[in-house]
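Open the model in your viewer and set it to a cartoon view. The stops below go from the whole chain to a few side chains.

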Amino acid sequence: MRTFLTVWAGQLVSLLGSGLTNFGLGVWVYQKTGSATMFAMIGVLAVLPGLLAAPLAGVIVDRTDRRLVMLAGDVACALAVVFAAVAAWSGTIQVWHVMVLAFVTSTAAAFQVPAYAAAVSTLVPKEQLARTASMIQAGQAVADLAAPILGGLLFLRVGLHGLIFIDFVSFFAAIATLMFVRFPKIERPDEGTPEASSFKAEFKEGLGFIRSRPGLLILLAYFATLNFLLPMAGVLFAPLILSIAGPDGFGTVSSVLGAGMLAGSLIVAAKPPKGNSAVLVAVAGIATGAMIAGVGLRPDLLVIGTFGFLMMATVPLMNGPSQAIWQTKVPHELQGRVFSVRRMIAQATVPVAMIISGPLVDQVVGPAMMPGGALAPALGGFLGTGPGRGAGLVFVTMGVLTVMASLIALASPKFRNVESDLPDAVPATAAT
């Protein structure tokens, strides 16, 4: 656990710095454009490049020292942040600068995320995997909690360029910790031997591993469905808040959501849930869907904050057990490829959701939920009318569909029995 905790601490500092940049850029972009569509397009660039890079990333993660892969990703992100900082400092920053930053960080994440997940499974024993997954989420939650508070205070004092500079400095914590630790080495076939194969063949091996195991395939399909429904609402969170409050209100509610994620993560980290992990995932999905619907009910910061806190508190109860299933059932020497394929498929629906959500609110449900709009007579009494109510309707709809998707997954025996049907993976060669 010592090596894991060292790396985790460095990543936590880096996440906090990146959270400051994300907060500042989110406020700046919405104030500059006032467009949910533009907000969504930046979200697409924060996801799509990573999906396209996933096939290459998975093979490289399995062929290379995973520590070096994470280190290279942090360096690339730091350089992208310098690019944005220079533009902000000179007063010439435009939306396209933000898009470049999103593109680079998305591509880097395609390598870093599977490398981090694969490394963790070699660092800690099986019974600690759910805990470490929750600790990683807790680190993200701390950033989500602290960044809006600090960002709101610092935005007025040091400006956008100051926030971006702090982000650049924070990368040195992640880089330093990775430079002074070592990960267990996984022995692989030497190049030129019959066991060695091409990049294409190795990627297909990762895909074939999932396809030949129906339980994992259904679990993956379930998360792909959630990753369409949740981002449809999630990308509209900032427009939903900023339509009824200023940056201070946005920062406050964002911090409340971060507190919810932190609370859920700490609960799972302190006492990992017992029982059938797949069932826990689906039950948590039902609770998450109910809370998402609650977020959209009223244009009231208290209502949004309360349901948002509970929504984020249930997310670790989904992600922790799911991550433990994958880390337990996939051999160490295949995890880079399998996790990259898993990430590519699970998140392939995210850009589609983001592309749809912006125009859907700006051009369809947004005007329809204004006073006198097409949907105002039927739904206005329930959800209210006016700015942000179109986004509220999307939240309610996506929440209901999330509950339905979770119930369908729970009804599948292959899904429920994925842990008992599949043996725990035994690596072909031991970690050294």
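## The whole chain

Start with everything selected and coloured by secondary structure. This is a predicted model, and its protein chain has 18 helices and 0 strands.

Next, turn the C-alpha trace about its principal axes. The trace spans about 70 × 55 × 40 Å along them. How does the radius of gyration compare with that of a compact globule? A compact globule of 432 residues would have a radius of gyration near 22 Å, and the protein chain has 21 Å, so the two agree.

Switch to a surface view. The accessible surface of the protein chain comes to about 17700 Å², and carbon and sulfur atoms account for 71% of that area. Of the 432 residues, 53% are buried.

Now colour the charged residues. The protein chain carries 25 positive and 19 negative charges, and the mean positions of the two sets lie 4 Å apart.

Before zooming in, consider the contacts within the chain. Among those between residues at least 6 apart in sequence, 85% join residues at least 24 apart.

## The aromatic rings

Hide the surface and show the side chains of Phe, Tyr and Trp. The model has 4 aromatic pairs. Select Tyr222 and Phe415 to see one of them: the ring centres are 5.7 Å apart and the planes meet at 75°, and because an angle over 60 degrees counts as edge-to-face, this pair is edge-to-face.

Which helices does this pair link? Tyr222 belongs to helix α8 (residues 214-234), while Phe415 belongs to helix α17 (residues 413-416). The two residues are 193 residues apart, so the pair links distant parts of the chain.

Keep both residues selected and bring the surface back for a moment. Tyr222 and Phe415 are both buried. Then add Phe223 to the selection: ring pairs link Tyr222, Phe223 and Phe415 into a cluster.

## Leu154

Move to helix α6 (residues 129-179) and select Leu154, which lies in that helix. Is Leu154 buried, partly exposed or exposed? Its relative accessibility is 24%, so Leu154 counts as partly exposed.

Show the residues around Leu154. Leaving out residues up to four places away in sequence, Leu154 touches Gly159, Leu163 and Ile166.

For the last stop, add Gly24 and draw a distance between the C-alpha atoms of Gly24 and Leu154. The separation is 9.3 Å, although the two residues are 130 residues apart along the chain.

Note on methods:
Residues are numbered from 1 along each chain as its sequence is written. This is a predicted model: local features need pLDDT of at least 70, side-chain atom pairs count only at pLDDT 80 or more; totals for chains, interfaces and linings use all residues. Side-chain values use heavy atoms; hydrogens and water are left out. Helices (H or I, at least four residues) and strands (E, at least two) are DSSP runs, numbered from the N terminus. The radius of gyration is taken over C-alpha atoms; the globule rule is 2.2 Å times the number of residues to the power 0.38. Buried means under 20% relative accessible area, exposed over 50%, partly exposed in between (1.4 Å probe, protein chains only). Contact means heavy atoms within 4.5 Å. Accessible areas come from the Shrake-Rupley method with a 1.4 Å probe; for residues, only the protein chains shown count as cover. Lys and Arg count as positive and Asp and Glu as negative; His and the chain ends are not counted. The place of a charge is taken as NZ of Lys, CZ of Arg, CG of Asp or CD of Glu. Rings of Phe, Tyr and Trp (its six-membered ring) pair if their centres lie within 6.5 Å; planes under 30 degrees apart count as stacked, over 60 as edge-to-face and the rest as tilted.
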